[in-house]
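Work through the exercises below with the sequence and the model side by side, and try each task before reading its solution.

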Amino acid sequence: MEAIANLIPRSLAAEDNLTPAEKLQLQCDAENAVKGEMYSLDCPLCNNKGVITYVDGDTLSTKECECMKQRRFISKIKTSGLESLSQRYKFRSFNAQKPYQKEMLTLAYEYAMSDTNEWMFMGGQCGSGKSHLCVAAAMKILKRGKAVRYFVWDDVYTDIALHTSIGTADEREEMVEALRNVEVLYIDDFLCQKQPKEAEVKLASEILKYRYNKNLRTIISSEKTLDELYQITRGLAGRISEKSGKFLYNIDHDIKKDYRLGGG
Ligand SMILES: Nc1ncnc2c1ncn2[C@@H]1O[C@H](COP(=O)(O)OP(=O)(O)OP(=O)(O)O)[C@@H](O)[C@H]1O
Ligand SMILES: [Mg+2]
Ligand SMILES: [Zn+2]
């Protein structure tokens, strides 16, 4: 008998002496020790699997690991297009000495903190901080749980125009859909060409009229003031004005307001 006992590996022999509860705990620990493949951050609690196994009476259950909130947030930032800009363009790095800067900052901050489906429009003088504040607002909205996408208008237009000529209709539709339906859309440098093309205005209408009808939150910044946009497209400028309500700010064209040139 003793000889046979010596042949049984020690760990198994030890497990044989365990109570069912202790065995279950061992099994649970083994599950938790398995390494996962979620690489966006390193979590010692779930070993990057996103789930934690626990003893639930006489069985094992799983629950979502705390790190999943952070992982979802990271993934939202990555798909938003705001990742690199948001490092530089923060509310707290915006100098608001001049009255118009104070007004811009207050307006953007109030917009970011409100649970509204209204739009925000900032238009006018280049270098005056429009993108800075709109990015800061978009990022704050993202941190408050919304899905946000950032696009530069010329990139959108060029990409979609290219797909219109060389891609399939489905591909084009897919790209337009992404802009139409995202929860919060921020379009930067909107219709900034001196003389926007007809097809460009048509695409802008396609996207913005849809968002207007569906009441989807939209942020727009442009080198053009709303009056200047009105000269190009009354229909869109009117809708932007109506939807933005009090969250509309025009910065008159004044080179002294160009922060890049030492203004502001
Ligand atoms: N009040 C400010 N405080 C700190 N930085 C500022 C301020 N205003 C502008 N800047 C900085 O100046 C640069 C230009 O600002 P921004 O890109 O926001 O201007 P803009 O109004 O969007 O210009 P454009 O019409 O050319 O796109 C950025 O680097 C921005 O961070
Ligand atoms: Mg800008
Ligand atoms: Zn985890």
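**Exercise 1.** Which residues in α10 meet which residues in α12?

Solution. This is a predicted model, in which local features need pLDDT of at least 70, side-chain atom pairs count only at pLDDT 80 or more, and totals for chains, interfaces and linings use all residues. Residues are numbered from 1 along each chain as its sequence is written, while chains are lettered from A and ligands numbered from 1 in the order in which they are written. With contact taken as C-beta atoms, placed from the backbone, within 7 Å, Ala 204, Ser 205, Leu 208, Lys 209 and Tyr 212 of α10 meet Gly 235, Leu 236, Arg 239 and Lys 243 of α12.

**Exercise 2.** Describe how the axes of α10 and α12 are arranged.

Solution. Begin with the axes, which are lines fitted to C-alpha atoms over the stretch in contact, with angles from 0 to 180 degrees between N-to-C directions. Those of helix α10 (residues 198-214) and helix α12 (residues 234-244) come within 11 Å and cross at roughly 30 degrees. Angles under 35 degrees count as roughly parallel, and the two helices are therefore roughly parallel to each other.

**Exercise 3.** Is Tyr 109 buried, partly exposed or exposed?

Solution. First locate Tyr 109, which lies in helix α6 (residues 99-113). Then count its neighbours: because Tyr 109 has 17 C-beta neighbours inside 10 Å, and partly exposed lies between buried (20 or more) and exposed (12 or fewer), Tyr 109 counts as partly exposed.

Note on methods:
Helices (H or I, at least four residues) and strands (E, at least two) are DSSP runs, numbered from the N terminus. Angles under 35 degrees count as roughly parallel, over 145 as roughly antiparallel, 65 to 115 as roughly perpendicular and the rest as oblique. Two residues are in contact if their C-beta atoms, placed from the backbone, lie within 7 Å.
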